[in-house]
Amino acid sequence: MERALTTAWFDEQSRMTPEELQTVTFPTSRLGRRGYEEGPVREFLSAVHAEFVRLVNDRTSLWQEVQRLRRRIIAGEADGDGDEQTVLFGAADAHVHAVRILSVAQVTADKYVADAQDYSSRLTEETRRRRDEIMQEAQQYSDRLLEDAHAKAREAAVSALNVATVPQSDEQQRAAQAELAYLRTYSDVYRSHLRAYTEGILRGIEEWERKETASLQEAAPGGPTAGARGPTAGAQGGPTAGAQGGPTAGARAIDGNGYLRH
Amino acid sequence: MDVARLRESFGHVTAHGDELPLFFYSDLFLKHPEVRDMFPISMAAQRGHLVDALVKIVSQVDSVDDLTAFLQGLGRDHRKFGVIAEHYDAVRASLLATLEHFSGPAWTPELAADWKAAYELIGSVMTAAASADEQLRPPWWRGTVVAHEPRSFDVSVLFVRPEPRMDYLPGQSVAIESPSRPRLWRYYSMANAPRQDGLLEFHIRLIDGGAVSMALTSRKVAGTELRLGPPVGVLTLGQPVSGRDLLLVAGSTGLAPLKAILDQVTTLPQPPKVHLFFGARTADGLYDLDSLEKMAAQHPWLTITPVVSADPRFAGETGSLPDVVARHRGWSGHDAYLAGPTTMVRDAAAQLASAGMAQDHIHIEDFGWSEP
């Protein structure tokens, strides 16, 4: 970098040096008058003028180069060590540096929120899936019970018809009564099975609810209003330039009315 | 103001992508830390909104008339966030600092003047609209949740008391902020026409990973104080009411705005015939069918058709909602109002249009000023 900056000064061999200013000579004027010949002096002055113009231009471009290097260092692209960075840091850079630090912090916070949202999304998806499974299972189970009951009823009806057409012995009557008693018991058992099964599901749901409530309380120890800001605190609440979650700029947030989602 | 130069400069700086809004907000928050509280913790979505708005503004800055409605809406909308005139100066300073930072040597006094002029134009339209709006209504309403009714696995109905009373057109929506999700605003439609007691009914569906919907469907929401933005939206009956028969097509909680319209129809001296299709994936998702059927029993002009798309055992119409509506035919003399998931609304609108219904008679929500 040092080399790159200095070569520019020696590129043009024709340029004036400070030594030239000290060693310059002018021919004396003719006709014995004291003083220098006017022409060469003017020429020299014009060379000095050109040199000054160049110096000013160089100074400007170097200043821009310094600015560019500062930005590079701030952008973290410079290969130099920490000391060099410190040396090249000005007051304006301190602000830009602070902006960078805050930006990094913000992006980190964004990532945490995104992760939490992702986790909660997977959790509800999983819950939805399990709920569908449980409902389906319950439906199938109740279908099976119903089918069994139908079959048994059909059987009973058939045997009752048979019994009606054929004169019944005492033994047949006892058998029919036994069958009837069995069917009653059978239906009782099924009913209690179904009840137990349904109650089991309900208990499961209550358990979930209790856990949910407990975790909610844990999350907000001050109760439901702990997180609430009063309306005065809320007197400031939203963004400035640009749009904030909502229909502003047409960017729909992920929830809100389903039909308002993008 | 040199618009071409402005656009070229903007094209150059936007090449930096997310770095641009990131720098802008960090600069703004460092210079005005008090402003940070107006924004949510995660700024990821916010940065996108800012760039979207800037892109829209820069692309239309030379046709201010087209932009005006957008900017007026933006200015009014920002009132609920607590934005006041002073904030516009702070934003201008940080915006110019950001543009200068990313422009490098291309940043000239002329370019700075162009940006300043463009910003003045935008800011003046926004602040004028905001201050005109101040005469009409508060920046936001306090809304106490007086009842929370879980209706199905993932839908809850909330009853909210706004203070002060809120006037709105049936079919409109408000942005809602929950105290447990500060600075996150989501739009929900009122599901009733304005009532004597001023209560607002909202239908909230739990969206997987939806921060606000999760807070609003939780039982914890009962008794809390929400913040409500001003009512917006154009899914409303015309003024005066056309008198044509109505076809209402509601997918899931898209029912809310249509129920509000239905509520309004009950108050008309000569209600038109109304046919409401209410669709969900499963019968469980028809969370408000009882109350709709009660209404139908009271009003002979009202027909309710529940539709289930993912359960062939359902004892009623099954299939996709747009298909079922199209099967019924004879909608040419109707005004159609559609609300629900985006794809459902789009499909239903397309099917009605191809069946010969004029676009003028197909009503869907359109946030006019807010569309990009």
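This is a short tour of a predicted model, with stops in chain B and one in chain A.

**Overview of chain B**

Start with chain B whole. Its secondary structure comes to 11 helices and 12 strands. Of its 372 residues, 48% count as buried. Look at contacts with a sequence separation of 6 or more: 72% of them join residues 24 or more positions apart.

**Helix H6**

Select residues 109-134 of chain B, which form helix H6. H6(B) has 26 residues. From first C-alpha to last, H6(B) reaches 36 Å, close to the 38 Å expected at 1.5 Å a residue.

Now show the side chains of Asp114(B), Trp115(B), Tyr119(B), Ile122(B), Met126(B), Ala129(B) and Ala130(B). These residues of H6(B) are buried. What do they pack against? Add helices H1 (3-14), H3 (44-60), H4 and H5 (85-103) of chain B; the buried residues of H6(B) pack against these.

**H4 against H6**

Keep H6(B) and add helix H4, residues 64-77 of chain B. The two axes come within 8 Å and cross at roughly 50 degrees. H4(B) and H6(B) are therefore oblique to each other. The crossing is right-handed.

On the H4(B) side, select Val64(B), Thr68(B), Leu71(B), Gln72(B), Leu74(B), Gly75(B) and Arg76(B). They meet Leu121(B), Ile122(B), Val125(B), Met126(B), Thr127(B), Ala129(B), Ala130(B) and Asp133(B) in H6(B). The residues of this contact divide into nine nonpolar, four polar and two charged. Ile122(B), Met126(B), Ala129(B) and Ala130(B) take part in the contact and are among the buried residues of H6(B).

**Backbone stops in chain B**

Most residues other than glycine have a negative phi, and most peptide bonds are trans. The next three stops depart from that pattern.

- Go to Glu163(B) and Pro164(B). The peptide bond between them is cis, with omega near -5 degrees. Pro164(B) lies in the loop between strands E2 (155-163) and E3 (173-177).
- Go to Ser252(B), in the loop between strand E7 (245-251) and helix H8 (255-265). Its phi is positive, about 55 degrees. Ser252(B) counts as buried because it has 26 C-beta neighbours inside 10 Å.
- Go to Arg329(B), in the loop between helix H10 (321-328) and strand E11 (334-339). Its phi is also positive, about 60 degrees. Is Arg329(B) buried or exposed? Arg329(B) is exposed, with 8 other C-beta atoms within 10 Å.

**Last stop: chain A**

Switch to Ala47(A), in helix H3 (residues 38-74) of chain A. Ala47(A) is partly exposed, with 15 other C-beta atoms within 10 Å. Draw a C-alpha to C-alpha distance to Met16(A): the two are 7.9 Å apart in space and 31 residues apart in sequence.

Definitions and conventions. Residues are numbered from 1 along each chain as its sequence is written. Chains are lettered from A and ligands numbered from 1 in the order in which they are written. This is a predicted model: local features need pLDDT of at least 70, side-chain atom pairs count only at pLDDT 80 or more; totals for chains, interfaces and linings use all residues. Axes are lines fitted to C-alpha atoms, for helices over the stretch in contact, and angles run from 0 to 180 degrees between N-to-C directions. Helices (H or I, at least four residues) and strands (E, at least two) are DSSP runs, numbered from the N terminus. Angles under 35 degrees count as roughly parallel, over 145 as roughly antiparallel, 65 to 115 as roughly perpendicular and the rest as oblique. A crossing is left-handed if the near helix is turned anticlockwise from the far one by less than a right angle, and right-handed if clockwise. Two residues are in contact if their C-beta atoms, placed from the backbone, lie within 7 Å. Ala, Val, Leu, Ile, Met, Phe, Trp, Tyr, Cys and Pro count as nonpolar, Asp, Glu, Lys and Arg as charged, and the others, Gly among them, as polar. The expected span of a helix is 1.5 Å times one less than its number of residues. A residue is buried if 20 or more other C-beta atoms lie within 10 Å of its own, exposed if 12 or fewer, and partly exposed in between; C-beta atoms are placed from the backbone.
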